[in-house]
Protein chains: 2
Amino acid sequence: MNNFTFIDGGVTAPQGFVAAGVCAGVKQATSDAITKAAKANESPVIPNGKRDLAMIACDKICSAAAIFTRNLVKSDTIYVTREHLANGKAQAVIVNSGNANACNPDGYEKAAAMARLAADALGIDENDVIVASTGVIGQPLPLAPIENNVERLKALLSKDGSAQAAEAIMTTDTVKKEWAVQTVIGGRNVTIGGIAKGSGMIHINMGTTLSFVTTDAAISSEMLKCALIEAADVSYNMVSVDGDTSTNDTLAILASGYAGNAEITEKNADYYAFLEVLTAAFKKVAKQLAADGEGATKLLICSVKGAKDEQAAKIIAKSVIGSSLVKAAMFGADANCGRVLCAVGYSGAQVDDVRKIDVAYLSKAGEILVCQNGCGLQFDEAKAERILLENEITIVITLGDGCGEAEAYGCDLTYDYVKINGDYRT
Amino acid sequence: MNNFTFIDGGVTAPQGFVAAGVCAGVKQATSDAITKAAKANESPVIPNGKRDLAMIACDKICSAAAIFTRNLVKSDTIYVTREHLANGKAQAVIVNSGNANACNPDGYEKAAAMARLAADALGIDENDVIVASTGVIGQPLPLAPIENNVERLKALLSKDGSAQAAEAIMTTDTVKKEWAVQTVIGGRNVTIGGIAKGSGMIHINMGTTLSFVTTDAAISSEMLKCALIEAADVSYNMVSVDGDTSTNDTLAILASGYAGNAEITEKNADYYAFLEVLTAAFKKVAKQLAADGEGATKLLICSVKGAKDEQAAKIIAKSVIGSSLVKAAMFGADANCGRVLCAVGYSGAQVDDVRKIDVAYLSKAGEILVCQNGCGLQFDEAKAERILLENEITIVITLGDGCGEAEAYGCDLTYDYVKINGDYRT
């Protein structure tokens with residue numbers, strides 16, 4: 001068991017990293033292009049006040065790795081970033097919100113141009129720049145706002161810039177997400193920090209939404225990639241907001257090595273110490289992403305125990321957390337156990353005996369068993385409602401099949417989800 | 001190519017069948033039980049006016065078959081019906097709404113008792129009764145309302161009773177679904193008719209929601225089962241309202257043989273003529289079920305062409321029609337092509353080249369291409385909105401991979417869906 005402490009700060013908490021976020025006008029230009037059905041670069045760029053361009057940079061070349069969406073339709077930023085990370089090295093990140101630069105004929109060129117603009121401003125190699133975008137799909141990325149603001153962005157880079165960078169990657173997120181955690185690895189103080197955006201289109205079995213992580217640990221890019229995959233598997237990959245998966249999801253990490261620990265190059269004790277802290281941080285972020293799902297009023301956690309194995313537990317937890325009917329029932333504080341049993345039943349997971357399933361709801365206001373041995377119970381509806389009116393609900397599903405356990409994270413389905421997505425682009 | 005005509009009427013249109021539907025008080029008793037957290041049979045049964053008990057009967061024993069939900073958690077009505085259909089024979093159907101009789105400790109006994117009550121009233125063998133339920137899961141089925149009303153129900157059986165039976169199986173449906181179709185098979189006039197309920201919890205890859213079909217064709221139970229499976233595969237199984245699948249879904253068919261055609265006992269020309277008509281009827285019902293999805297304001301049809309094969313086309317059509325983001329965008333008349341491309345990309349179907357995908361929207365108001373060769377187009381937003389404000393929208397996806405085609409049916413995601421499912425039980 002490793003010791004670690006969450007601290008204030010974000011992506012600039014680890015040694016060597018600075019960040020900044022500005023309002024460049026990408027959002028405004030994209031929105032104008034849609035509203036006016038005119039070309040983005042011809043419409044006047046009047047920034048709407050929201051930050052939409054962020055940069056993260058290190059004063060040295062870092063080990064780096066990233067994992068991406070599994071959607072076959074990918075933003076060109078992913079192809080560019082993948083090429084740039086082929087050597088396991090990076091020094092900076094440039095990312096915009098408001099336009100996903102996906103499904104555009106000139107997407108690759110513009111993603112490469114974004115990286116080049118950042119590299120030129122920073123005086124580094126464009127191959128050492130990670131590039132990412134998030135926002136509307138199928139609208140040409142307006143490059144002018146980025147070109148016109150990249151020098152200003154570079155000038156603003158500072159240790160205090162994490163919050164602004166976190167803001168700049170938000171789309172329909174209502175709160176910015178940043179985090180930092182400290183631990184000791186190989187006798188040296190190590191810090192890991194990050195920013196993330198989520199909201200809609202977060203689904204299980206994805207790399208992630210946009211998340212950028214920095215650390216001053218010394219660790220090889222191969223081990224960074226392994227740690228990303230392992231940590232994401234029980235955190236980002238267990239989040240579902242609406243079952244849709246994005247074209248742009250990117251989870252990238254840069255390691256400066258300034259902590260001075262012996263470089264982690266294999267799966268030794270130091271690797272597992274690093275992985276444990278990264279996993280704890282990613283689980284915290286996963287809950288934040290779920291709680292801030294589009295229109296969400298509640299964080300839902302589905303905790304499955306006693307499944308045949310971990311795989312079955314994961315499948316069941318994801319199925320329940322992804323059920324529109326469960327999500328709507330939780331919004332309405334309706335202790336409907338049928339919705340939960342249904343979602344277990346159609347999950348596709350092997351369940352030895354549905355007559356051994358118990359279901360309970362748990363929150364700060366208490367716990368109530370609503371289903372025992374596969375059968376609905378007569379329960380105290382008033383107590384159930386009190387429990388379900390809290391803003392963090394755990395649905396506990398206990399099977400009698402084995403020792404498999406898993407947790408998935410989601411949110412309720414609300415009127416606002418429909419409102420947000422009924423007219424997303426403008 | 002067979003000739004057939006849709007005619008007025010429903011499940012009683014074929015020769016030999018009568019039906020009825022009454023308000024027995026199952027809904028009220030179940031709702032009372034939840035509201036008061038008291039035992040259903042102890043609460044006063046004051047019918048709330050909605051029909052909730054239906055019967056369909058034939059004056060002779062019929063060939064019969066049924067297909068059921070694939071959910072592992074099943075209503076006990078399914079186990080009872082499956083046993084009763086083991087010999088391929090049935091003479092009557094009894095079905096209630098308001099209570100699903102699923103996830104109850106005494107569900108099997110009560111389902112068997114329902115069948116027995118119907119059999120006693122009709123003077124037939126209980127093994128010749130198909131039993132089904134729909135409604136709230138995990139609440140004991142109140143038998144008293146059924147016991148007290150089954151004789152009245154029997155007395156009301158008539159050729160005019162189809163509409164009442166169709167009403168009695170509705171839950172959150174807003175319109176009753178009944179249909180009838182006439183054709184000629186083996187030189188004899190053949191009629192097929194049916195009633196159906198749908199609304200929430202209709203998902204692809206299911207038997208169906210509750211649907212009862214009658215015909216006066218002479219056809220063996222084995223061929224009835226084959227025809228059900230084949231027709232459902234391109235109709236009921238291509239409908240998605242909310243991605244959830246029910247514990248109770250049942251699609252049952254009874255054939256009286258009164259048409260006098262040579263009995264269909266193998267896959268000959270008469271079988272395919274029967275299948276063609278059944279498929280056309282089921283597709284019509286599938287669209288009705290989708291259009292009347294919970295809270296729906298629009299029927300959505302996803303038409304996929306040029307996929308690698310039919311299987312890939314089906315997977316893509318289902319993925320798009322099931323996407324919450326696509327559904328919300330259609331509610332908002334937002335011609336977002338990114339949502340559609342995304343759903344193609346994460347569908348899991350093999351797509352050879354995403355840069356060959358075209359997407360268009362089509363309705364009575366016209367057609368507009370919004371994506372060509374995998375890239376979003378600049379299009380006339382006003383025209384797009386006019387097209388999407390219609391109440392039947394086809395999303396046409398053309399790939400460049402092969403000759404696979406498929407159609408899936410769904411509806412938009414609306415505020416009312418959330419409202420309906422936020423507190424479904426009471």
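**Crossing of α6 and α7 in chains A and B**

Q: Which residues in α6(A) meet which residues in α7(A)?
A: A:M223, A:L224, A:C226, A:A227, A:L228, A:E230, A:A231 and A:A232 in α6(A) meet A:Y271, A:F274, A:L275, A:L278, A:T279 and A:F282 in α7(A), where contact means heavy atoms within 4.5 Å.

This is a predicted model, in which local features need pLDDT of at least 70, side-chain atom pairs count only at pLDDT 80 or more, and totals for chains, interfaces and linings use all residues. Residues are numbered from 1 along each chain as written, chains are lettered from A and ligands numbered from 1 in written order, and side-chain values use heavy atoms, without hydrogens and water.

Q: How do the residues of the contact of α6(A) with α7(A) divide?
A: There are 12 nonpolar, 1 polar and 1 charged. Ala, Val, Leu, Ile, Met, Phe, Trp, Tyr, Cys and Pro count as nonpolar, Asp, Glu, Lys and Arg as charged, and the others, Gly among them, as polar.

Q: What makes α6(A) oblique to α7(A)?
A: The axes of α6 (residues 221-233) and α7 (residues 269-291) of chain A come within 9 Å and cross at roughly 45 degrees. That angle makes α6(A) oblique to α7(A); under 35 degrees is roughly parallel, over 145 roughly antiparallel, 65 to 115 roughly perpendicular, and the rest oblique.

Q: What is the handedness of the crossing in which α6(A) passes α7(A)?
A: The crossing is right-handed: the near helix is turned clockwise from the far one by less than a right angle, whereas anticlockwise would be left-handed.

Q: Why are α6(B) and α7(B) called oblique to each other?
A: In chain B, the axes of α6 (residues 221-233) and α7 (residues 269-291) cross at roughly 45 degrees, so α6(B) and α7(B) are oblique. α6(B) passes α7(B) in a right-handed crossing.

Technical notes: Axes are lines fitted to C-alpha atoms, for helices over the stretch in contact, and angles run from 0 to 180 degrees between N-to-C directions. Helices (H or I, at least four residues) and strands (E, at least two) are DSSP runs, numbered from the N terminus.
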